[in-house]
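Welcome! Take a moment to turn the structure around on your screen, and then we will walk through one part of it together.

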Amino acid sequence: MILGHRTDHHSSQVLTSTFSWSSSDTLVEQDVGVTTVAELFQIYGEDFFRDKETKALEKLSGVHRYVVSTGGGAVIRDENWTYMGKGISVWLDVPLEELARRIAAVGTKTRPLLVNEQGDAYTKAFRRLSALFEQRYKAYENASARVSLENIAAKLGYKDVSNITPAMIAIEAIEQIGHIL
């Protein structure tokens, strides 16, 4: 399972050349019949979404050679770790500044936990991501492996992570998984 914020899903998709792939958020959206997680949050609330997310992870935990990309909040329920622990979990660790930049570029309307923040898009995203990361950091550390974009950038001699491609991230994820197997 690939763990991290929703802006990291492109890296998960690169892994599909070897494995089938799905997003737990997409499965929940399809199950409920909504087009976005933001719409689901607005209609049913976060608790309803988290319950559906847990059921999706339970269902997917029995599938082999399958990449599952989760949203950042999947890590907050201990029960989800029971399901994620049936496979290899990889935390895509992207600096909060980069995540905020990516989110600001597309807007916060599709991000249900960011829509009520005040300020410009970058400031709203960074402020809320920082608070969420503080709450979730210990849970992310439960992952089997960690792929740090800052470490990839350092290896490649890059000054920042903005030029790290999904393919580079996927290669690092495969290397990290190889250390586990």
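**A short helix and its surroundings**

Just after helix 8, G157 takes a positive phi of about 75 degrees. Keep in mind that this is a predicted model. Let us step back to the whole chain, then return to this helix.

**The whole chain**
- The chain holds nine helices and five strands.
- Following the sequence, you meet them in the pattern β-α-β-α-α-α-β-α-β-α-α-β-α-α.
- Of the 181 residues in the chain, 45% are buried.
- Among contacts with a separation of 6 or more, 67% join residues 24 or more positions apart.
- The chain has an accessible surface of about 9500 Å², and carbon and sulfur atoms contribute 50% of that.

**The two sides of helix 8**
- Helix 8 covers residues 149-156, and its buried residues are L149, I152 and A153.
- Viewed down the helix axis, these buried residues fall within an arc of 100 degrees, so they line one face of helix 8.
- A general rule helps here: an α-helix has 3.6 residues a turn, so residues three or four places apart point the same way.
- A154 and K155 are exposed, on the other side of helix 8.

**What lies over the buried face**
- The cover over the buried residues of helix 8 includes two strands, strand 4 (90-93) and strand 5 (145-148).
- Helix 6 (96-106) and helix 9 (166-180) are also among the elements that cover them.

**The start of the helix**
- At the start of helix 8, S148 has a side-chain oxygen within 3.3 Å of the backbone nitrogen of E150.

Technical notes: Residues numbered from 1 in each chain as written. Predicted model: local features only at pLDDT ≥ 70, side-chain atom pairs only at ≥ 80, totals over all residues. Heavy atoms only, no water. Buried < 20%, exposed > 50% of the residue type's maximum accessible area, 1.4 Å probe, protein only. Helix = DSSP H or I, 4+ residues; strand = E, 2+ residues; numbered from the N terminus. Arc of directions from axis to C-beta. Contact = heavy atoms within 4.5 Å. Polar contact = N/O pair within 3.5 Å; in protein donor to acceptor, adjacent residues only side chain to side chain. Areas by Shrake-Rupley, 256 points an atom, 1.4 Å probe, with all protein chains shown as cover.
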